[in-house]
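Let's take a walk through this one together. Have the sequence and the 3D view open side by side, and follow along as we go.

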Amino acid sequence: MDTVKTESFLRISAALLLVLTACLVGFDSQTKLLFYSIVRKATFRDMNALIVLVWVDSVAAGYNLLHLLLRSSLCSSRFKGKNIPMVPHPYMAWFCFFLDQATVYVVFAANSAAMEASFLAVTGSSIFQWMKVCNRFTRFCVQIGGAFLSGIVASVLLIAISFLSAFSLFRLYSPSQFLLLKSR
């Protein structure tokens, strides 16, 4: 497979996994009866890191789908007879590279922060007198754990996309002279 098809496949897969992560976290809730009269509902809104995770993964999925849409429209306009070059302009390649890098870092950071915050829900902290939450809301915690797994796989796919973006950027430059564009 050539790099365009590989990148498209990776972007679609990453976007699907990011949407899956956002949906698993966003629609997860569990209601329990505590102390015979108190009803408590656990949702993702109880932890700020999970709210951030839903927003970050949604925006990252939207960015990947928008990138695919723009690339496919450029490719289809090329086949309709319009003279749009397939080789990206260096400024556009740099812009896509930086956006891909930022997406990887932000998605990985949001997943890591949400996992770290959720770790306290699993273990608790006797020093701060925080009790364990996952022994009461087990289904909620298992579903959040599945969302984290999906988010980490999406982060790995985004890293691969970033590698392909770097490859498509630096193939425009001469291998023998520093930051000199190849002649066309």
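**A walk through the helices**

Let's begin at Y63, which you'll find in helix α2. Is Y63 buried or exposed? With a relative accessibility of 16%, Y63 counts as buried, because the cut-off for that label is under 20%. Leaving out neighbours within four places in sequence, Y63 is in contact with R11, C96, L99, D100 and T103. There's also a link back towards the start of the chain: Y63 and A15 are 48 residues apart in sequence, yet their C-alpha atoms are 8.5 Å apart in space. Keep in mind throughout that this is a predicted model.

Now step along to N64, which is in helix α2 too. N64 is buried, at 1% relative accessibility. Which residues does N64 touch, once neighbours within four places in sequence are left aside? They are R11, A14, A15, L18, L158 and I161. R11 turns up in the contacts of Y63 and again in those of N64. As for D100, its C-alpha lies 8.9 Å from that of N64, with the two positions 36 residues apart in sequence.

Before leaving helix α2, which spans residues 48-79, have a look at I51. I51 is partly exposed, with a relative accessible area of 23%. Not counting residues up to four places away, I51 touches F44 and R45. Try measuring from I51 to A110 in your viewer: you should get 9.7 Å, C-alpha to C-alpha, for two residues that sit 59 apart in sequence.

Time to zoom out for a moment. The protein chain has four helices and two strands, and if you read along the sequence they come in the order α-β-β-α-α-α. Of the 184 residues in the chain, 37% are buried. What about contacts between parts far apart in sequence? Taking contacts with a separation of 6 or more, 74% are between residues 24 or more positions apart. The pairs we've just been through give you some examples of distant positions brought together in space, with Y63 and A15 among them.

Next, go over to helix α4, where you'll find S165. At 4% relative accessibility, S165 counts as buried. Its side chain makes a polar contact of 3.1 Å with the side chain of D100. Setting aside neighbours within four places in sequence, S165 is in contact with C96, F97 and D100. C96 and D100 should sound familiar, since both were listed among the contacts of Y63.

F97 leads us to the aromatic residues. How many aromatic pairs does the structure hold? There are five. One of them joins W94 and F170 in an edge-to-face arrangement, with 5.7 Å from centre to centre and 90 degrees between the planes. W94 belongs to helix α3 (residues 90-123) and F170 to helix α4 (residues 138-170), so this pair ties together parts that are 76 residues apart in sequence. Neither ring belongs to a buried residue: W94 is partly exposed at 23% relative accessibility, and F170 is partly exposed at 41%. The two also belong to one aromatic cluster, made up of W94, F97, F98 and F170.

Carry on past the end of helix α4 and you come to Y173, in the segment that follows. Y173 is buried, at 12% relative accessibility. Its C-alpha is 9.0 Å from that of P90, although the two are 83 residues apart along the chain.

Let's finish with some empty space. Rolling a probe the size of a water molecule over the atoms shows where such space is left. The second largest pocket has a volume of about 440 Å³. It is lined by 24 residues, and the closest to its centre are D46, M47, A121, V133 and F140. Which parts of the chain supply at least two residues of the lining? They are β2 (38-43), α3 and α4, with α4 giving the most, at five residues. As for chemistry, the lining divides into 16 nonpolar residues, three polar and five charged. While you're there, notice that helix α4 has come up several times on this walk: it holds S165, it carries F170 and it contributes to this lining.

How values were computed: Residues numbered from 1 in each chain as written. Predicted model: local features only at pLDDT ≥ 70, side-chain atom pairs only at ≥ 80, totals over all residues. Heavy atoms only, no water. Phe/Tyr/Trp six-rings, centres within 6.5 Å; stacked < 30°, edge-to-face > 60°. Buried < 20%, exposed > 50% of the residue type's maximum accessible area, 1.4 Å probe, protein only. Polar contact = N/O pair within 3.5 Å; in protein donor to acceptor, adjacent residues only side chain to side chain. Contact = heavy atoms within 4.5 Å. 1 Å grid on protein atoms, 1.4 Å probe; cavity = no way out; pocket = protein on both sides within 12 Å on 5 of 7 lines; lining within 4 Å. Points joined across faces, edges and corners; volume = space filled by probe spheres on them. Nonpolar A, V, L, I, M, F, W, Y, C, P; charged D, E, K, R; others polar.
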